[in-house]
Amino acid sequence: MKIDAVSIFPDYFAPLQLSLLGKASDAGIVDFHIHDLRAFASDNHHAVDDTPYGGGAGMVMLPEIWGLALDRLMVDETDLIILTPAGKRFDQLMAARLSSASHLVFACGRYEGIDDRVRQHYSSDQYSKRNIRVHEVSIGDYVLGGGEVASLVMIEAITRLLPGVLGNPESLSEESHNEDGYLEYPNFTKPSTWRDISVPEILLSGNHGEIAKWRAEAAKQRAADNL
Ligand code: 6GU
């Protein structure tokens, strides 16, 4: 999978070199390319934003500069993800769907967002005919300073689903926010008693049927507690 990200703060993406993502990148499973939006700004101040038509607070990112940055990335079979708190909520199902994409482009808005004509332009027929799809995505109901951290969240959730990224693929099928929305059961390791708290007896029993039943019940209880 090829992943491009466009941002005025490319340094935000340094964590892509760490841990699982770094290994996936070294192994050639994902190919990250980070682009500095400001490189496409041509005026003296390298401005990337201006005041909104119609008035109001904040600044809006200029369509011309985004067009220059994105045009060369929009090859056939591309999913363009525009990060905005007004987008569709990211979840495990969306992560799973995007994990089968061949090319993702993350457009990280700052300020009050990107001029909406950028979304409109890349959503038009000339692009959909080439299997270029546009998604406006939010990672949750709170406001961040920009789309960079949201992109990192999405990239981590998506790439760990790629074959070969996780050491133990079983942890994928057993895991908590499995697309059906079940929370995982609580986990314990050695020692069997820590600060007077003992691990549930059943987990030491070796009875796999009873253990599975206990875990299903504990997971349900936890999900109910978190409502
Ligand atoms: Cl994608 N962007 C911003 N700025 N804030 C957010 C978000 C995105 N998702 C949740 N909050």
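## Burial and contacts at selected residues

Thr84 has a relative accessible area of 18% and is therefore buried, the cut-off for that class being under 20%. The model is predicted. Thr84 sits in strand E5, which covers residues 78–89. Residues up to four places away in sequence aside, Thr84 touches Glu136, Val137 and Ser138.

Leu166 is a second buried residue, so classed because its relative accessibility is 15%. Leu166 belongs to the loop that joins H6 to helix H7 (170–173). When neighbours within four places in sequence are set aside, the contacts of Leu166 are Leu20, Arg160, Ser171 and Leu172. Between Leu166 and Ala218 the C-alpha to C-alpha distance is 25 Å, with a sequence separation of 52 residues.

Tyr142 is found in the loop between strand E7 (132–138) and helix H6 (148–159). Its relative accessibility of 44% is why Tyr142 counts as partly exposed; that class lies between the 20% and 50% limits.

The table collects the three residues.

| Residue | Relative accessible area | Class |
|---|---|---|
| Thr84 | 18% | buried |
| Leu166 | 15% | buried |
| Tyr142 | 44% | partly exposed |

Which residues form the nonpolar patch on the surface with Tyr142? They are Phe9, Tyr12, Leu144, Val149 and Val153. Together with Tyr142, these residues have about 500 Å² of accessible area. Membership of a patch requires over 30% relative accessible area, and Tyr142 has 44%.

Definitions and conventions
Residues are numbered from 1 along each chain as its sequence is written. This is a predicted model: local features need pLDDT of at least 70, side-chain atom pairs count only at pLDDT 80 or more; totals for chains, interfaces and linings use all residues. Side-chain values use heavy atoms; hydrogens and water are left out. Patches are made of residues with over 30% relative accessible area and no salt bridge: like charges are joined within 9 Å, nonpolar side chains (Val, Leu, Ile, Met, Phe, Trp, Tyr) within 5 Å. Accessible areas come from the Shrake-Rupley method with a 1.4 Å probe; for residues, only the protein chains shown count as cover. A salt bridge is a side-chain nitrogen of Lys or Arg within 4 Å of a carboxyl oxygen of Asp or Glu. Helices (H or I, at least four residues) and strands (E, at least two) are DSSP runs, numbered from the N terminus. Buried means under 20% relative accessible area, exposed over 50%, partly exposed in between (1.4 Å probe, protein chains only). Contact means heavy atoms within 4.5 Å.
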